[in-house]
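Welcome! Keep the sequence and the 3D view open while you work through these exercises, and try each task before reading its solution.

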Amino acid sequence: MQHRSFLLLTLLALLALTSAVAKKKDKLKKGSPGSECSEWTWGPCTPSSKDCGAGFREGTCGAQTQRVRCRVPCNWKKEFGADCKYKFENWGSCDGGSGTKARQGTLKKARYNAQCQETIRVTKPCTPKTKAKAKGHPRAKKGKGKD
């Protein structure tokens with residue numbers, strides 16, 4: 001008799017637990033993007049202060065609007081946005097006329113349906129070679145000064 005009541009009690013507890021989990025999943029699905037609407041359009045991540053760090057992104061789908069938290073990395077390139085991820089080639093040689101070197105990037109991933117260019121070209125100033133001077137610097141000889 002005790003075995004039957006224990007089995008019955010265990011079965012009821014299991015049913016109650018699965019029911020509670022199912023209700024919680026339904027609640028999450030109703031409030032999440034894409035549950036009732038399949039074509040969400042997301043805007044860029046706008047930092048709350050300055051030009052990088054934590055912020056918000058707004059999404060719209062029909063009459064629905066939603067704000068989600070996002071983060072803009074502080075090392076992002078403003079010209080092509082934080083939601084466009086590129087695979088870059090190696091830097092080219094220094095152009096003596098302009099004093100810059102360039103490289104090209106190919107679009108790897110566009111997050112949140114961002115409008116990204118397929119290929120981009122970025123430049124940076126050429127740096128003078130100062131490695132020869134660094135050899136005589138005391139910090140360049142790590143671990144060699146003590147016997």
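**Exercise 1. Place Asp-83 in the chain, then decide whether Asp-83 is buried or exposed.**

Step 1: Asp-83 sits in the loop that runs between β4 (64-72) and β5. Helices and strands here are DSSP runs, numbered from the N terminus: H or I of at least four residues for a helix, E of at least two for a strand.

Step 2: Asp-83 has 8% relative accessibility, so Asp-83 counts as buried. The scale calls a residue buried under 20% relative accessible area, exposed over 50%, and partly exposed in between, using a 1.4 Å probe and protein chains only.

Before you go on, two notes on the model. It is a predicted model, in which local features need pLDDT of at least 70 and side-chain atom pairs count only at pLDDT 80 or more, while totals for chains, interfaces and linings use all residues. Residues are numbered from 1 along each chain as its sequence is written, and side-chain values use heavy atoms, with hydrogens and water left out.

**Exercise 2. Find which side chain makes a polar contact with the side chain of Asp-83, and follow that partner further.**

Step 1: The partner is Arg-57, with the two side chains in polar contact at 2.8 Å. A polar contact is a pair of N or O atoms within 3.5 Å; within protein, one must be able to donate a hydrogen and the other to accept it, and residues adjacent in sequence count only if both atoms are side-chain atoms.

Step 2: Arg-57 belongs to strand β3. Its relative accessible area is 2%, so Arg-57 is buried.

Step 3: A polar atom of the Arg-57 side chain also lies 3.0 Å from the backbone oxygen of Gly-43.

**Exercise 3. Describe the second largest pocket and its lining.**

Step 1: Its volume is about 190 Å³. On a 1 Å grid over the protein atoms alone, a pocket is an open set of points where a 1.4 Å probe fits, with protein on both sides within 12 Å along at least five of seven lines; lining residues have an atom within 4 Å of a point. Points are joined across faces, edges and corners, and the volume is the space filled by probe spheres set on them.

Step 2: The lining has 14 residues, and the closest to the pocket centre are Pro-44, Gly-81, Ala-82, Asp-83 and Ala-114.

Step 3: By type, the lining divides into ten nonpolar, three polar and one charged residue. Here Ala, Val, Leu, Ile, Met, Phe, Trp, Tyr, Cys and Pro count as nonpolar, Asp, Glu, Lys and Arg as charged, and the others, Gly among them, as polar.

**Exercise 4. Work out how β3 and β4 are joined.**

Step 1: Strand β3 (residues 53-61) pairs with β4 in the antiparallel sense, over nine bridges. Two strands pair if DSSP finds at least two bridges between them.

Step 2: One of the matches is Glu-58 with its bridge partner Arg-67 in β4.

Step 3: The hairpin of β3 and β4 has two residues between the strands, and in this hairpin Gly-62 takes a positive phi near 65 degrees.

Step 4: Now look at Val-68 in strand β4. Val-68 has a relative accessible area of 23%, so this residue is partly exposed. Val-68 and Phe-56 are twelve residues apart in sequence, with 5.6 Å from C-alpha to C-alpha.

**Exercise 5. Trace the open sheet and say why one side of β5 and of β7 is left without a neighbour.**

Step 1: Three strands make up this open sheet, in the order β5-β6-β7 with antiparallel pairing.

Step 2: β5 (84-88) and β7 (119-125) are at the edges and have a single partner strand each, so one side of each has no neighbour in the sheet.

Step 3: From one strand to the next, the twist averages 45 degrees. Axes are lines fitted to C-alpha atoms, for helices over the stretch in contact, and angles run from 0 to 180 degrees between N-to-C directions.

Step 4: Five bridges join β5 to β6 (residues 100-110), and Cys-84 has Ala-110 in β6 as its bridge partner. Seven bridges link β6 and β7, where Gln-104 is matched with Arg-121 in β7.

Step 5: Finish with Gly-105 in strand β6, which is buried at 0% relative accessibility.
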